[in-house]
Amino acid sequence: MKSAWVDADAQALVSHYEASGIAADLALRVYSTRLLGRDPKLVLHGGGNTSVKTRLRDLNGETVDVLCVKGSGWDMGHIEPAGLPAVRLDHLRKARSRRSLSDEDMVRLQRANLIDPMAPNPSVETLLHAFLPHAFVDHTHATAVLGLVDQENSRALCEEVYGRRMGFVRYIMPGFALAKEAADVFAADPSVEGLILDKHGLFTFGRDARESYERMIEMVTLAEARLAKDRKTVFIRATLPNRIGALAEIAPALRGAVALPDPAVQGDWKRLILDFRTNDTILNFVNGAEVARYARAGVITPDHTIRTKNWPMIAPAPDADKPDGFRVATRTAATTFVDRYVKYFARNNKRAGGTKTMLDPAPRVVLVPGVGLFGLGRSKKEARVAADLAEAAVEGITEAEAIGRYAPIGEADMFDVEYWSLEQAKLGSAKAPPLAGQVVIITGAAGAIGYATAKAFAAAGAELALLDIDGASLVEKAKALGALSVRCDVTDEASVRTAFDRVVESYGGVDILVSNAGAAFQGRIGDVDDAILRKSFELNFFSHQRVAQNAVRVMLAQGTGGCLLFNASKQAINPGPDFGPYGLPKAATLFLARQYALDYGAAGIRSNAVNADRIRSGLLTDDFIAERAKARGLSAADYMAGNLLQREVTADDVAQAFLHQALALKTTADVTTVDGGNIAAALR
Ligand SMILES: [Zn+2]
């Protein structure tokens, strides 16, 4: 590992912050914190922190000694001075003489001594930073160092690699006790350049930012060099099926197997989003004959446990020739995982005095031999974090096994971190949005109604896949919502199948389909060209059927129900003159919605339609509105509000109707009218 320090860059940042009154030492602290945070082999998703001891003015204008230490919620790779809240140093140091300090009291002590009471919570490792005398302290969970410390003989191995340059601190959970122990180890030999934290990571320190940072790089490089020596071959490969099932085939079965029914609401599920990873290192790991031993031994560093749980679920290797076998075996593997987790909780909660609340028992990482690994989460973001940490675990465990035998912290220690009182206190405070964990496909998503619907579903917490034939404007719109965009021609069977495969590969499945793509065709029914009528049926009926068939295929593979939503039209109920070519297929689509409701209700798949009229969109352009208004001797505004309520109906109103239908778990075969009131088109 090479130092990424560039003097010119460091100085540029010092000058940049000088203008806003930030001292050079804090600016350099920001600089080297970013260097650490941008290397995933050093720091991943909050797995590290840094500090600088300096002096600054408090709110009374008095100069005081402070510790500026990484605050929670800040990413080291993009940290700013505000992400390093200042805490009165002498007050932190006084705590060292105490015999014990609960986590809650530690947080209170830290917050009470913030210079700025609005600042974020200082890191839980703040006291460890404070108890060390050095101006700069850096802490990471470098993967290479984890390869050394997650061994039975970690102390001897670290002595071999570092001699007396690094102190060795036995495993203690982060908090007051660890801070005291680390300070004692340092006091026993103040010549050390850093501390190795067994089963956890390392600290380095120095007089200035560069010294502390470059010591970190050097210590990690020494670990890398040791891992490159005396390696044995890992891993011996298990026997796998000749033909491995495709990702798009296996993901829905897996996603369905790990979804948990909500005991409070019949028909509701706690679903998870999947994030897939594969490469040679991952395949070597998941294909190992002994994968159950080393993969289930535990986390490479304690803070992973909150995002990945302590061990992954191991799915069977999918045989492409026996898809049903995979489905059944995956369900068994998921049930086994949950049983094991519930027992682990019960066993350890008893030890903790029965005071803890169990988290959901679903896995957050799934290994699939022959295929790769999945990170799982209630959102795509959570799933990505779990997958990133799982990849780091694959690497750390592979390294550990190559030079010895992987031996992380034990079950009780993992439980104490996973069920840490501060984390437990947060439970229930954040309510998940109503569509969290659900994947929604919207066709015609670049259009007015499609995009308004996308925004409404995004606000409800769903993960979105936006499909449209207009690729260019779609990409931009999808980006704005953090959605997946897939160019798709809904009249083309292959294009639809490819689009669904892409969505399934990206998220693991599909829960809601908004079949919205359509276009208006006109002609007097008695003499309309047959080709026009057929073209309209192709887009306004068959494409709805095509996407619905694909959605149902995926939903049945998941086995967790689902929801089909169709954009019908007022024309389906109440034909307009010369609009036959549009109204006829729309009428068929309205019945299509009912047919799906009838045929798939028993599988928990609901099917509803929205019947909207007179919405400004690609079908109803401003020019077209002006023309129609003029023909009726009305202003454009009066024409648009020509309904019982005399209000213009917008794409957002239609979007809300779709959202309502998606959320109404006991509603199927419903047609919701969104037209401001039109008695001639009212359903009966
Ligand atoms: Zn740490």
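So, strand S5, residues 166-169, and strand S6, residues 194-197: four bridges join these two, and they run parallel. Keep in mind that this is a predicted model. If you want one pair to click on, take valine 169, whose bridge partner in S6 is leucine 197. Now look at where the S5 side chains go. Met166 and Phe168 point one way, Gly167 and Val169 point the other way, and all of them are buried.

Just past S6 there's a residue I'd like you to look at. Lysine 199 sits in the loop between S6 and strand S7, which covers 201-206. Its phi is positive, about 60°, although it is not a glycine. As a reminder, most residues other than glycine have a negative phi. And is this lysine 199 buried or exposed? Buried: its relative accessibility is 11%, and the cut-off for buried is under 20%, so lysine 199 makes it.

Okay, zooming out for a second. The protein chain has 25 helices and 20 strands. The C-alpha trace spans about 100 × 65 × 50 Å along its principal axes. Of the 684 residues, 55% count as buried. And if you take the contacts with a separation of 6 or more, 72% of them come from residues 24 or more positions apart.

On to the sheets. One of them is open, with seven strands in the order S16-S15-S14-S17-S18-S19-S20, and the pairing is parallel. Which strands stand at the edges? Those are S16, 484-487, and S20, 671-674; each has a single partner strand, so one side of each is left without a neighbour in the sheet. On average, neighbouring strands here are turned by 15° against each other, ignoring direction. Inside that sheet, S14, residues 439-443, and S15, residues 463-468, run parallel and are joined by five bridges. Valine 440 has leucine 464 in S15 as its bridge partner.

Then there's a four-strand sheet, also open, ordered S10-S13-S12-S11, and here the pairing is mixed. The edge strands are S10, 273-277, and S11, 313-314, each with a single partner strand, so again one side of each has no neighbour in the sheet. S12, residues 365-368, pairs with S13, residues 372-377, in the antiparallel sense over four bridges. There, valine 368 stands opposite glycine 372 in S13. Helix H10, residues 247-258, lies across S10, S11, S12 and S13, and runs at about 140° to S10.

While we're at H10, scroll back to the loop between H9 and H10, where you'll find phenylalanine 235. A cis peptide bond joins valine 234 to phenylalanine 235, with omega at about 0°. Most peptide bonds are trans, remember.

Now two helix pairs. Helix H2, residues 24-37, and helix H9, residues 209-227, have axes that come within 9 Å and cross at roughly 15°. That angle is under 35 degrees, so H2 counts as roughly parallel to H9. The crossing is right-handed. H2 brings Leu28, Ser32, Leu35 and Leu36 to the contact, and H9 brings Ala209, Tyr213 and Met216. By class, that's six nonpolar residues, one polar and no charged ones.

The other pair is H18, residues 448-459, with H25, residues 651-663. Their axes come within 8 Å and cross at roughly 50°, and therefore the two are oblique to each other. This crossing is right-handed. On the H18 side the contact includes Ala448, Ile449 and Phe457, and on the H25 side Asp652, Phe658 and Leu659 are among the residues involved. The class count for H18 with H25 is eleven nonpolar, two polar and one charged.

Last stop is methionine 640, in helix H24, residues 636-640. Its relative accessible area is 1%, so methionine 640 is buried. What does methionine 640 touch? Leaving out residues up to four places away in sequence, the list is Arg614, Ile615, Arg616, Leu620, Ile625, Arg647, Glu648 and Val649. Arg614 deserves a second look, with a positive phi of about 55° although it is not a glycine. Arginine 614 is in the loop between strand S19, 605-612, and helix H23, 622-631. And for a sense of distance, the C-alpha atoms of methionine 640 and tyrosine 171 are separated by 70 Å, with their positions 469 residues apart along the chain.

Note on methods. Residues are numbered from 1 along each chain as its sequence is written. This is a predicted model: local features need pLDDT of at least 70, side-chain atom pairs count only at pLDDT 80 or more; totals for chains, interfaces and linings use all residues. Side-chain values use heavy atoms; hydrogens and water are left out. Axes are lines fitted to C-alpha atoms, for helices over the stretch in contact, and angles run from 0 to 180 degrees between N-to-C directions. Angles under 35 degrees count as roughly parallel, over 145 as roughly antiparallel, 65 to 115 as roughly perpendicular and the rest as oblique. A crossing is left-handed if the near helix is turned anticlockwise from the far one by less than a right angle, and right-handed if clockwise. Contact means heavy atoms within 4.5 Å. Ala, Val, Leu, Ile, Met, Phe, Trp, Tyr, Cys and Pro count as nonpolar, Asp, Glu, Lys and Arg as charged, and the others, Gly among them, as polar. Buried means under 20% relative accessible area, exposed over 50%, partly exposed in between (1.4 Å probe, protein chains only). Two strands pair if DSSP finds at least two bridges between them.
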